[in-house]
Amino acid sequence: MSLFKARDWWSGALGEGEEFDQGCLCVGDVDNSGTGHDKIVVGSYMGMLRIFCPNANKQSEGGSADAQLLEVQLQNAIIQVEVGKFVSCSELLHLAVLHPRKLSVYSVTGTAGNVEHGDQYQLKLIYEHNLQRTACNMTYGTFGGATGHHSLCIQSMDGMLMFFEQDSYSFGRFLPGFLLPGPLAYNSRTDSFLTVSSARQLESYKYETLAVATEAETRQDSDLTPKTGGKRLTPDWTFVLGEQALDISVPSFSHSSSSILVLGERNLFCLRDNGQIRFMKKLEFNPSCFLPYASVKDGTTNLLLGNHNNMLLVYQDVTLQWAAQLPFVPVAVRVANFPELKGAVVSLSSDGHLLSSYMGTDPSFFSTPKVDAREADYEQVDAEMKKLQKLIREATRTQDILPKSDALEDLSVKAIVFPSLDASSQALIQDMDGLPVPSVTVQVKVKASSVLQSAKLSICVQPPLAVTQDQFVLEPMGVGSTKEVSFSAFLNGHYPPADLTGDIVVSYSSPTELNPKGVPRVLQSRFNLPLALVCVPSSPAKSTKFKITVDTNQPPVDLSALFREFSAKTEDKDGNSLAFQFLSGAKVTVLASKTSQRYRIQGDSFEDMWLVVKELVQRFDQHFSKLGIKDFKKSFSGPIPLQEYFLSVDNHFQLRVNAQQYQDLLSERAVQFRAIQRRLLTRFKDKTPAPLQSLDTLLDATYNQVITLAEAAEENRALLEQAFVRLRSSTHLLVLLLSLWQGLTHDQTAILEATLLPLLQDTPQLGWEESCDAAVSHLLRSCLSRSPKDQATSLAQIGGSVLSLPQDTTRLKKHIALLCDRLGKGGRLTLASEANVQIPAQIQNLAAPGGVEPIAEDLGDGEEVENPQEMTKFIKKKPSRKVKKEKDSKEKKDVSREPSEASVKEEAGVPEEPIKEVKKEKKESSKDKKESKKDSSKEAKEPKDEAKKKESSSSKEKKEKKEKEKEGKESGDRKVSRKSSVKVKDKKKETEAAEG
Amino acid sequence: MAALDTLWEDRDVRFDITAQQMKTRPGEVLIDCLDSIEDTKGNNGDRGRLLVTNLRIIWHSLALPRVNLCEYNLIYLNSGHGHTEALYILTKSNNTRFEFIFTNLVIGSPRLFTSVIAVHRAYETSKMYRDLKLRAALIQNKQLRLLPREQVYDKINGVWNLSSDQGNLGTFFITNVRIVWHANMNESFNVSIPYLQISGGYVLGFKIDPVEKLQDALKEINSLHKVYSANPIFGVDYEMEEKPQPLEELTVEQPPDDVEIEPDEQTDAFTAYFADGNKQQDREAVFSDELGLAIERLKDGFTLQGLWEVVG
């Protein structure tokens, strides 16, 4: 803050709403009184010309009117006023007034009266020039070394310098490369003109050069070919400022301090006459005006600088010497000598405050205290507190702020999928391989049972299915009002979706009495799209790659009756076979055995069978429940077609690896591209350019590589998307088969599904493989583990590194195979909590982040030795509920893909713990993957320490641990050995499965 | 000529004024009334009311009948300064500089001090109604440039201005607000005397021949001055969109005193409002060789450099 203030010695408020700027103020003995004392001349944009002779003593007597010597209303706006010897054969000072289209030179004469108010002044026009071009500013001086009188130079708005020698016009020149006018100054020492051009550089033009340059009366002439008899105008020198300038001043106090000063928008520049810089001062404020006024110390320049913080600063070269606060932002500042005061600072604001001041030398320390820092009114605060507390009490009693938990649903959402396909398809892709792509209309009815605000309805279907509109904004609804929206769903890709269900999410807020903005709530609903949307009936195929056989305990059903919409075209009239052809091309055939109660589904690809199998199972259930048969059972005898399943896993994994590789290659090429660019740039920047040495060719080639790679990566991404959908299809099928095989309950199937399909989407950062492996490993270690010890320790195995893309799928496959195997041996996916499992405190402590290296490899080893029955017993005894909870929360995260009823029920009473558990679990399971070479030494060390601590708990574990570490170090060897072991194991499992 | 009390409302800063002085004078109107305003500098913590008339700003405390008064002449306004929304008023009265800071206690109140600033602007741009003006741009093409609400009642030619030895022949314009004289030979030589200023102090001499004509002119001026005094036009016109209640209703009721106590000595309430610490007047200006500019004379024992270094 400013400590010192400018003391007003004399001041005045000029005009009634007039406007003033930089050129509007000048001082000088304009009336040639001979005393050498200055008068203040002020012109305004409204055309008022005023002359003042400030007189501090008289002000108190109400005689402030005396200070005004003259006030004249001129016809035009006044841009600039200057005092100088503008009349030939006269040593007297005259007043030059610049109007937009006119330059007038006046004489000001005074006649003294008996008393002050008897003094009269007269303004007499000596000569005037009407200007052809609109003027911007002017400067004056002894151009061309003329002595005794001043010439004038006016810069026009379009860049012409017009020269006037008293009452005659000399010549006009256009500045080269002109865009907008900058400040203008004349340097008498070098007889040149200075301006700052739109190129943000200071340019110096010699008067001599200007005089002999091409006579240009139009701008075009100066820009085009120069006429004969004149030279093209070029600056004498230039200096790049890098910013626009507010003002230029060329003071001449003494020879030793001859310099040019330029006030930029952010910096102050001082240059020598030849354009070399003397110094530059960075300003920490926005300057508004400046004036070099004296050279107090030889070789230095003193200057005044006004800024937009109402400050007036005094600099000696770059040193701040004094500062004073003004009551306004000055637009122009001058130093004047008055009869009673020498060295007064005259400043003018844009709204006409004229102040003649001197520097105050008493510091002021007062600052306003903050309003809110004041003492509070305790009574008032107390009353407010009581009021608020009362409100809170009421609110908690009535429960009105929060939605009533037991209240009826505010809203019901009902989706109706039209039984027949749309007459005219809404699909974006109208046909695939000659097959027309159909669409089906879905109508959603929303019925409100209370007032609803800002309701939004979104539709989500599985890719590559698409809908015509997926967002609906509903108007505010009253009680009992209904809204209907409808849209069409269709296939929008050349592969079948993994699921034909669609989700409807309605988000809304229901206002309560105390919360008028409403409590945000969400409601979900789902609908099933018909199978006919993605496939058409076809003729049965005889030989296929994959076969699945489903057994039932009921006599065979007529398939054509079950699938009425598909039966129309089939040639097979006995209802024994039915074939589906997907729009994408794949065929799936369903055969019903005439003799046994078996059904066979066969197709060329494993994953494509899923939708058909699902549909079949669903329709069976419906069919038999309609018939009233309660004990309908369907089963799958196995073996589980894991090899087929692994094909889609491998396909997906390979594409992910490819994506990673493309990513790496792309970044590598991008680095190369930038490196070449850098080299090229240094070559081009060089003043003596070196040959390019085919760098340009290299640049082109790299560019093409980058583009090609990007295209390939994009293609890969599309394939990956498709592969993921296929993987999900086959995983769904696998889960279905597993549940049919082992007759899993609904809850168990839900756990399995959540385990094998943990993600709705996979990303480069977190993909299906690692998250699935993490989930499967957890199941294997918890409810499907062999011994209580394992189960206990597994709980301690929390924390660890993040999940990342594994090196290969061997481990995952092994774990999935093991999962199937253990399920086959009677392993139960149960909901019971492992809270029963006593976790030793010691181990609990280990559950800190950073965790223990998990057991993973050992899971396979010694598996066969274990007695499966024993295991089952144990599992039954100490069932794990945590798994269930974990899955639930995971599901919640996954946009609540499948809100199973069980999970919802479970959710109610679950404390915070399970959520923590999930996080820990994730970390822990990711450890499995993290045994790559990337492992930093630090990470490797930590598990070691942990392992040491664990030694006491289990010697066997210790052994495992060591194995583990060894493996981490020599992962190269491991890869090979593991592969072979997996094969062996797989075989074993197959045999086991066959036996089971 | 004594019909009009000396106008002090717009040129003095007065403190602890009487209820009588708080009342509006003829021609003075209440323009705005702002509640919950704190006089931050003098009465920090007191809630008060700021009244804005076309001549002055009055602040009075709600709790205590203490009254501040401030004039419009020569003030600089600044609002929204620093960390609080405050109205800064810097003013000078009898060579003493005062600073007032008024803060709106209702944080974020949309109605800040816009009316004060607007009224001040209207005041500042209508000085021709109230101030003596010399050598101004009053005449254009031999015609008086009229102010809003001004009417010319008479134009008298052949009026001598006695301010110089030989005298200057000129013309009188007599209006409902002022008397204007200008020299016939030089339009720039003129004087504008509002009736408000006709009360002594500044003597200007004019002569009209013959004497009868002079008497007529005097009579006319006298009667116009009376009319003006009864209902002065200050020229500060400001239209508020919503009219506040009249000042009388808002004035704090004071029990009518039987005895009017004449204050023996000036109260020292004003000391709290000095713009610069405890200083009542600035020291005189002198030229500093060190700075090359005029400065306030330094106190004994101080140097410019020393002062600056302490600050820096």
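Author: In this predicted model, a residue counts as buried under 20% relative accessible area and as exposed over 50%, and it is called partly exposed in between.

Reader: What makes Trp160(B) buried, exposed or partly exposed?

Author: Trp160(B), which has its place in strand β12 (residues 152-161) of chain B, has a relative accessible area of 31%. Because that value falls between the limits of 20% and 50%, Trp160(B) is called partly exposed.

Reader: How do you know that Trp160(B) can belong to a nonpolar surface patch, and which residues make this patch?

Author: A patch takes residues with over 30% relative accessible area and no salt bridge, and the 31% of Trp160(B) lies over that limit. Trp160(B), Leu162(B) and Leu169(B) make a nonpolar surface patch of about 250 Å².

Reader: Why is Phe285(A) called buried or exposed?

Author: The relative accessible area of Phe285(A) is 11%, which is under 20%, so Phe285(A) is called buried. Phe285(A) is found in the loop between β21 (277-282) and β22 (287-294) of chain A, and its C-alpha atom is separated by 9.8 Å from that of Gly306(A), 21 residues apart along the chain.

Reader: What makes the contact of Glu296(B) with Arg7(A) a salt bridge?

Author: The term asks for a side-chain nitrogen of Lys or Arg within 4 Å of a carboxyl oxygen of Asp or Glu. The closest N and O atoms of Glu296(B) and Arg7(A) are 3.1 Å apart, so the pair meets that limit and is called a salt bridge. Glu296(B) lies in strand β18 (residues 293-296) of chain B and Arg7(A) in strand β1 (residues 6-13) of chain A, which means that the pair joins two chains. Both residues are buried.

Reader: How do you know that Arg283(B) forms a salt bridge with Glu296(B)?

Author: The closest N and O atoms of this pair are 3.9 Å apart, and because this is within 4 Å, the contact counts as a salt bridge. Arg283(B), in the loop between α4 (247-250) and β17 (285-288) of chain B, is thereby linked with Glu296(B) in strand β18 of chain B, 13 residues apart. Arg283(B) is buried, and so is Glu296(B). Salt bridges that share partners join Arg7(A), Asp362(A), Arg283(B), Glu296(B) and Lys299(B) into one network.

Reader: What do the side chains of Asp499(A) and Lys614(A) form, and which parts does the pair tie together?

Author: These side chains meet at 3.1 Å, N to O, so by the limit of 4 Å the contact is a salt bridge. Asp499(A) lies in the loop between β36 (482-491) and β37 (501-510) of chain A and Lys614(A) in helix α7 (residues 609-627) of chain A, so the pair ties together parts that are 115 residues apart in sequence. With relative accessible areas of 4% for Asp499(A) and 18% for Lys614(A), each value is under 20%, so both residues count as buried. Over all chains, the structure holds 35 salt bridges.

Reader: What is notable about phi of Arg135(B) and of Asp191(A)?

Author: Most residues other than glycine have a negative phi. Phi of Arg135(B), however, is near 50 degrees, and that of Asp191(A) is about 55 degrees, a positive value although Asp191(A) is not a glycine. Arg135(B) has its place in the loop between β9 (133-134) and β10 (139-140) of chain B, while Asp191(A) is found in the loop between β14 (184-187) and β15 (192-196) of chain A. Their relative accessibilities of 1% for Arg135(B) and 18% for Asp191(A) are under 20%, so both residues count as buried.

Reader: Which form, cis or trans, has the peptide bond from Pro463(A) to Pro464(A), and which has that from Asp209(B) to Pro210(B)?

Author: Most peptide bonds are trans. The bond from Pro463(A) to Pro464(A) is cis, with omega near 5 degrees, and the bond from Asp209(B) to Pro210(B) is cis as well, with omega near -10 degrees. Pro464(A) lies in the loop between β33 (453-461) and β34 (465-467) of chain A, and Pro210(B) lies in the loop between β16 (206-208) and α3 (211-230) of chain B.

Reader: How do you know that strand β4 of chain A and β5(A) pair?

Author: Two strands pair if at least two bridges are found between them. Strand β4 (residues 48-52) of chain A and β5(A) share five bridges in the antiparallel sense, so the condition is met. Leu49(A) stands opposite Val72(A) in β5(A). The order β2-β3-β4-β5 (chain A) makes an open sheet of four strands with antiparallel pairing. Its edge strands are β2 (25-28) and β5 (68-73) of chain A, each of which pairs on one side only.

Notes: Residues numbered from 1 in each chain as written. Chains lettered and ligands numbered in written order. Predicted model: local features only at pLDDT ≥ 70, side-chain atom pairs only at ≥ 80, totals over all residues. Heavy atoms only, no water. Patch = residues over 30% accessible without salt bridge, like charges linked within 9 Å, V, L, I, M, F, W, Y side chains within 5 Å. Areas by Shrake-Rupley, 256 points an atom, 1.4 Å probe, with all protein chains shown as cover. Buried < 20%, exposed > 50% of the residue type's maximum accessible area, 1.4 Å probe, protein only.
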